[in-house]
Amino acid sequence: MEPMSKNVLVLADVREGELRNVSLESLAAAIKVADGGTVTAAVFGSKGKDLVEKLAHHGADRVLLVPNEQLDTYTTDAYFQAFKQVIEKVEPDVIFTGHTAIGRDVSPRIAARLNLGLVSDCTDVELKDGKILLTRPIYAGKAFVKKAFRDGIVFATLRPNNIPALEADTGRSAEVEELDVQIAPDSLRTLIKDVVRKASEGVDLSEARVVVSGGRGVKSAEGFKPLQELADLLGGAVGASRGACDADYCDYALQIGQTGKVVTPDLYIACGISGAIQHLAGMSNSKVIVAINKDPEANIFSVADYGIVGDLFEVVPMLTEEFKKVLAEG
Amino acid sequence: MNILVCLKQTFDTEERIVIEDGQISEDGVEFVINPYDEYAVEEAIRLRDEHGGEVTVITVGPERAEQALRTAMAMGADKGIIVDDEDLESADEYSIARVLAAVIEDLDYDIILSGYMAVDDGSAQVGPRLAELLGIPHISTITKLTVDGETVEVEKDVEGDTEYIQSKLPILVTAQQGLNDPRYPSLPGIMKAKKKPLERMDLDDLDVDEDELEGKTETLEIFLPPEKEAGKILDGELEDQVKELVHLLRNEAKVI
């Protein structure tokens, strides 16, 4: 029988010099399907060297650095050129990236250029009888599909927070190589003039282990404060329902639902959210859901593991205090 | 300015999903313009009103998808093109992007808009793929768009951060929520839309090799997520409920 092992390429997702968790999760997925083949991580940007150890500890056999300064900040055209050359060098059977601002922007362009299929936003990856099967949500998680490739390279973007990363094995090391990619300045057709960081403090919503989310019941922008305090204490992020965004209590970047973000944290605390079907689509696959709502008939209770019927402005600060106490006890 | 909008007709986001014979049932389902594409339609109309020109809305889909084009024309788009061909049943994002590229290669355009993703498949692929096939740049998830001569300035949402990006026409941009508030079609708009030109095409009308349109990926199975069992509503004094909740989260659910 032919060896079934596969060479897998993972594009590391680096934001402001930090390796994102989804890259470690992608390495875990890569090992699952490689079946003894080589797992290569590609890292773009001048500080890639600093990330080699971490990638090796989490499963990369080989790290390919493209150390151009032009890749320190993501732009589609620069990443596209580097990614394409990496693929031509590695000749992978499988490619994984995160389903993040970077992965979902550059991957479809690469797929189009190389005539490849692409399965986006996968929540699970498995190897069955030598075939790679990819599970992904449709209708924002109201249903799921299992997909496979008819032919060509298997190419997928993986949703953060779904495929567990491997424990770091500090005994592992990786072969390191640099790839020289020439990026002509005039080939870059979009120019970033400025960046305003809103999400700089705190945890990224799509990768957060804990999400504290507010709905119309939060009543004002000010009303999100107690939610933020609870989220900060638990190392989580704040989200919102469409109602809260439409009412201008918060930015649309926080919206969770079928329009907006889909999140699957370990703990989702819904505060003053009624639970419209379009919101449930964005959060009902969270591992544990807590609902806090004045209305005992609120639909959110139908998906909640634990519910408290009460005023969020009373319950949330009490919850924060109680967590503080318990966490201090260790 | 010639403005193209690629849109998809999708289930209304209020719809529940029912699976029948392994497929998603369309029985009694309300269809709408994909909400992200609706932002693109609105932005296209505003661009046209500011700079002059024409808005053409394009879709690939079954006959019912015509209604989405009519709605876009009732909002103010000038004409529509639908590609409807039963050979597209095994299509995936690879195939759809190629069909759209074949339609658009024959058109004059300065800018192409679409939603950054559709609320049904949620793949976020067709926009960037199409731009690559047409050999033009793209900027995804934009929340503001200004065109001045050949210069394009956008604000792009990057997971909560905002990037201010400059580029040039021709370009493809994909809409993020927050780009605008789409208008409702007016009654006169709806009446006018009925008389606006709508071109129907199938694959024979396009310069594409049908064998090259088969999807690269296939769907093996569609399934619903496991139903959640009803949870536990706590009772007693509020203070005790809060204590119990924290205890449960730590010791039963073990998430804290």
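How far apart are the end C-alpha atoms of residues 21-210 of chain B, and what percentage of the chain there is helix and strand? In this predicted model, the end C-alpha atoms of that span are 28 Å apart, and the chain is 29% helix and 31% strand over these residues. The span was chosen from a record: an unreviewed UniProt entry gives residues 21-210 of chain B the annotation "domain: Electron transfer flavoprotein alpha/beta-subunit N-terminal". For chain A, an unreviewed UniProt entry places a feature with the name "domain: Electron transfer flavoprotein alpha/beta-subunit N-terminal" at residues 8-195. Over residues 8-195 of chain A, helix accounts for 24% and strand for 33%, with 33 Å between the end C-alpha atoms.

A look at chain A as a whole comes next. Eight helices and 18 strands are found in chain A. Its radius of gyration is 21 Å, close to the 20 Å that the globule rule gives for 330 residues, so chain A is as compact as a globular protein of that length. Along the principal axes, the C-alpha atoms of chain A fill a box of roughly 60 × 50 × 40 Å. Of the 330 residues in chain A, 56% are buried. Among contacts in chain A with a separation of 6 or more, 67% are between residues 24 or more positions apart.

Chain A contains an open sheet of seven strands, which can be followed in the order β7-β11-β6-β1-β4-β5-β12, with parallel pairing. At the edges stand β7 (119-122) and β12 of chain A; each has a single partner strand, so one side of each is left without a neighbour in the sheet. From one strand to the next, the twist averages 25 degrees. Helix α1 (residues 21-34) of chain A lies across β1 (8-11), β4, β6 (94-98) and β11 of chain A, and runs at about 160 degrees to β6(A).

Strand β4 of chain A repays a closer look. On one side, β1(A) runs parallel to β4(A) and is joined to it by four bridges; A:Leu9 has A:Thr40 as its bridge partner in β4(A). Strand β4 (residues 39-44) of chain A also pairs in the parallel sense with strand β5 (residues 62-66) of chain A, over five bridges, and here A:Ala42 has A:Leu64 as its bridge partner. Six of the six residues of β4(A) are buried. In a regular strand, side chains alternate between the two faces of the sheet. In β4(A), A:Val39, A:Ala41 and A:Val43 point one way, while A:Thr40, A:Ala42 and A:Phe44 point the other way, and all are buried.

Further along chain A, strand β15 (residues 237-240) shows two sets of residues: A:Ala237 and A:Gly239 point one way, A:Val238 and A:Ala240 the other way, and all are buried. Strand β14 (residues 210-214) of chain A runs parallel to β15(A), and four bridges join the two. One bridge pair is formed by A:Gly214 and A:Ala240.

The loop between β11 (154-158) and β12 (175-178) of chain A holds A:Glu167. Is A:Glu167 buried or exposed? With 9 other C-beta atoms within 10 Å, A:Glu167 is exposed, because 12 or fewer such atoms is the cut-off for that class. A:Lys225 is 58 residues away along the chain, and its C-alpha atom is separated from that of A:Glu167 by 35 Å.

The two chains also meet. In total, 78 residues of chain A are in contact with 71 residues of chain B. On the side of chain A that touches chain B, 39 residues are nonpolar, 17 polar and 22 charged.

Both chains contribute to an open sheet of ten strands with mixed pairing, in the order β13(A)-β11(B)-β10(B)-β9(B)-β12(B)-β8(B)-β1(B)-β6(B)-β7(B)-β13(B). At its edges stand β13 (191-196) of chain A and β13 (198-201) of chain B, each with a single partner strand, so one side of each is left without a neighbour in the sheet. Neighbouring strands of this sheet are turned by 25 degrees against each other on average, direction ignored. Where the chains join, β13(A) and strand β11 (residues 161-168) of chain B run antiparallel, with five bridges between them, and A:Ile192 stands opposite B:Ile165. Elsewhere in the sheet, strand β6 (residues 54-60) and strand β7 (residues 79-83) of chain B pair in the parallel sense over five bridges, with B:Val57 opposite B:Gly80. Helix α3 (residues 93-104) of chain B packs on the sheet and touches β1 (2-6), β6 and β7 of chain B, its direction making about 145 degrees with that of β6(B).

How values were computed: Residues are numbered from 1 along each chain as its sequence is written. Chains are lettered from A and ligands numbered from 1 in the order in which they are written. This is a predicted model: local features need pLDDT of at least 70, side-chain atom pairs count only at pLDDT 80 or more; totals for chains, interfaces and linings use all residues. Two strands pair if DSSP finds at least two bridges between them. Axes are lines fitted to C-alpha atoms, for helices over the stretch in contact, and angles run from 0 to 180 degrees between N-to-C directions. Two residues are in contact if their C-beta atoms, placed from the backbone, lie within 7 Å. Ala, Val, Leu, Ile, Met, Phe, Trp, Tyr, Cys and Pro count as nonpolar, Asp, Glu, Lys and Arg as charged, and the others, Gly among them, as polar. UniProt positions are given in the numbering used here, feature names are shortened, and annotations may be inferred rather than shown by experiment. The radius of gyration is taken over C-alpha atoms; the globule rule is 2.2 Å times the number of residues to the power 0.38. A residue is buried if 20 or more other C-beta atoms lie within 10 Å of its own, exposed if 12 or fewer, and partly exposed in between; C-beta atoms are placed from the backbone.
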